[in-house]
Each structure stands twice: as C-alpha cells, then as structure tokens.
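Let's take a walk through this protein together. Have the sequence and the 3D view open, and follow along at your own pace.

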Amino acid sequence: RWARISERHRMAPPRVCPSLFRGCWVWSGVPAISVVLPVFNRAQVVSRAIESVLAQSFEEFELIVVDDGSSDGTAALLAQQTDSRIRILTVPRNGGACAARNLGIGSARGDLVCFLDSDDVYLRSKLEVVGDLFAAEPELDLLIDSFVCRKGIGSRNRIKSNRNPPGLSGREFRAALFERRIAKATTAISVRRRALCEVGCF
C-alpha cells in the first residue's frame, strides 16, 4: 500500500470533486486525473515513462507531456505517440522543469494532478491507488507517496525504499516536512488541481 500524508488546505473549504460519487470514480468524458510530465532532452528514457502511464490499471486519465525545448530527438519520439489520452505541449525555448509543470497544470482538465519526471516510472496501480484515496477522503488535498529509488546499472544497481509516515495531517505534517522526515520526490506528489492553483503552482 502507498503511505499517505494528508494536509487540509486552509485557503478554501474542501469539497468533493465533481467526478466523485459515493466514493467511486465516475467516467464523465473528462479525465479524472491529469498526469503532467515535463521533459528536456531525455530521448533515451521518456518513452519508458510514458509507457508506465499507459499501462495503468486506472484508465480515466490524460497524460500531458511538456517538451521544454528539447533538441535531442525527444520531439520526434513524442510525435510517434498515438494514444488519444496523450496531449503534447511544446515550448520553443527551455524554461526549466517548474515552468514546464505550470504549463501542464494550466492545461489540465482532471480534478487531480499527478506528476511524473521523464526518468521515472509509475507502478501499474499508482493512479488507481491515488484515485481511491482521494475518493475515500474528500478533505484530502495533498498526497505524497512512498517510492522506490533505483540507481546504477548491473551489479552496481542500488535499490532504496523511501517509506513516508502514513496518516499525518496538520501540525504533524508540517513538523515532519520541515524536519525532513518526508521523502518528497516530485513523482510521488498528487494534489487536487483546485488546491494547487490556489497556492500558485510551482
């Protein structure tokens, strides 16, 4: 199971997303989850990241890939994608990952926004687990997953499991955040789009 960390958003009262009904996700023609994937000169690995999203057990998503001025063949690889759930945004000049994520957020249609870095991959149940947790807890605005980090090749391959403390909220969450007891990989973050926009995105 994914560990979760919850923080009630204080700038506006929490609400149930329009696509939620009695704790279940209802497909209404609009994606329930938007995955934002910024990429810059990652032609060797970006296809792996995209495939991990397309292989999800939860299918009511859109994948927004923001090509942040790549010059290494990334654009050609993205042009080969034919899945209708993929939307490609192109930036003529590199502006950095945060700016690219903000562009993706601005184009997102889902009630929930998940992030994926171009050199990372999702486990197959990632979006399903995220969707279920937000559906079960309407007051939840932010989710930070536990995750596995793999570095190195072959015999030098190292695997580290980053497990976050589950069920934190309010004061406990803030304390754990500033005491660096929470692993905060961008790929591990999921958030309600409303709350994300209210705090100004990245």
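The paragraphs below go from the sheet to the salt bridges and then to the cysteines.

Before we start, please keep in mind that this is a predicted model. A good place to begin is the open sheet, built from six strands in the order β5-β4-β3-β6-β10-β7, with mixed pairing. At its edges you will find β5 (86-91) and β7 (142-144); each has a single partner strand, so one side of each is left without a neighbour in the sheet. On average, neighbouring strands here are turned by 20 degrees against each other, direction ignored.

Now look at strand β6 (residues 112-115) and strand β10 (residues 189-192), which run antiparallel and are joined by three bridges. Within this pair, V113 stands opposite V191 in β10. Helix α3 (residues 97-107) packs on the sheet, where it touches β3 (33-39), β4 (61-68), β5 and β6. The direction of α3 makes about 145 degrees with that of β4.

Next come the charges. Side chains of opposite charge can pair when their charged atoms come close. This structure holds ten salt bridges. One of them joins the side chains of E62 and R87, at 2.8 Å from N to O. The two residues are 25 apart in the chain, with E62 in strand β4 and R87 in strand β5. E62 is buried, with a relative accessible area of 1%, whereas R87 is partly exposed at 26%.

A second spot worth a visit is D141. Its salt bridge with R192 has the closest N and O atoms 3.5 Å apart. D141 lies in the loop between α4 (126-136) and β7, and R192 lies in strand β10, so the pair ties together parts that are 51 residues apart in sequence. D141 also forms a salt bridge with R194, and here the closest N and O atoms are 3.0 Å apart. Because R194 sits in helix α6 (residues 193-198) and D141 in that loop between α4 and β7, this pair ties together parts that are 53 residues apart in sequence. Both R192 and R194 are buried, as is D141. Together with E198, these three residues are linked in a network of salt bridges.

What about disulfides: how many does a search of the whole structure find? The search finds zero. Take C197: the closest cysteine sulfur belongs to C201 and is 4.5 Å away, which is too far for a bond, since a disulfide needs the sulfur atoms within 2.5 Å. C197 is partly exposed, with a relative accessible area of 41%, while C114 is buried at 0%.

Note on methods
Residues are numbered from 1 along each chain as its sequence is written. This is a predicted model: local features need pLDDT of at least 70, side-chain atom pairs count only at pLDDT 80 or more; totals for chains, interfaces and linings use all residues. Side-chain values use heavy atoms; hydrogens and water are left out. Buried means under 20% relative accessible area, exposed over 50%, partly exposed in between (1.4 Å probe, protein chains only). Two strands pair if DSSP finds at least two bridges between them. Helices (H or I, at least four residues) and strands (E, at least two) are DSSP runs, numbered from the N terminus. Axes are lines fitted to C-alpha atoms, for helices over the stretch in contact, and angles run from 0 to 180 degrees between N-to-C directions. Contact means heavy atoms within 4.5 Å. A salt bridge is a side-chain nitrogen of Lys or Arg within 4 Å of a carboxyl oxygen of Asp or Glu.
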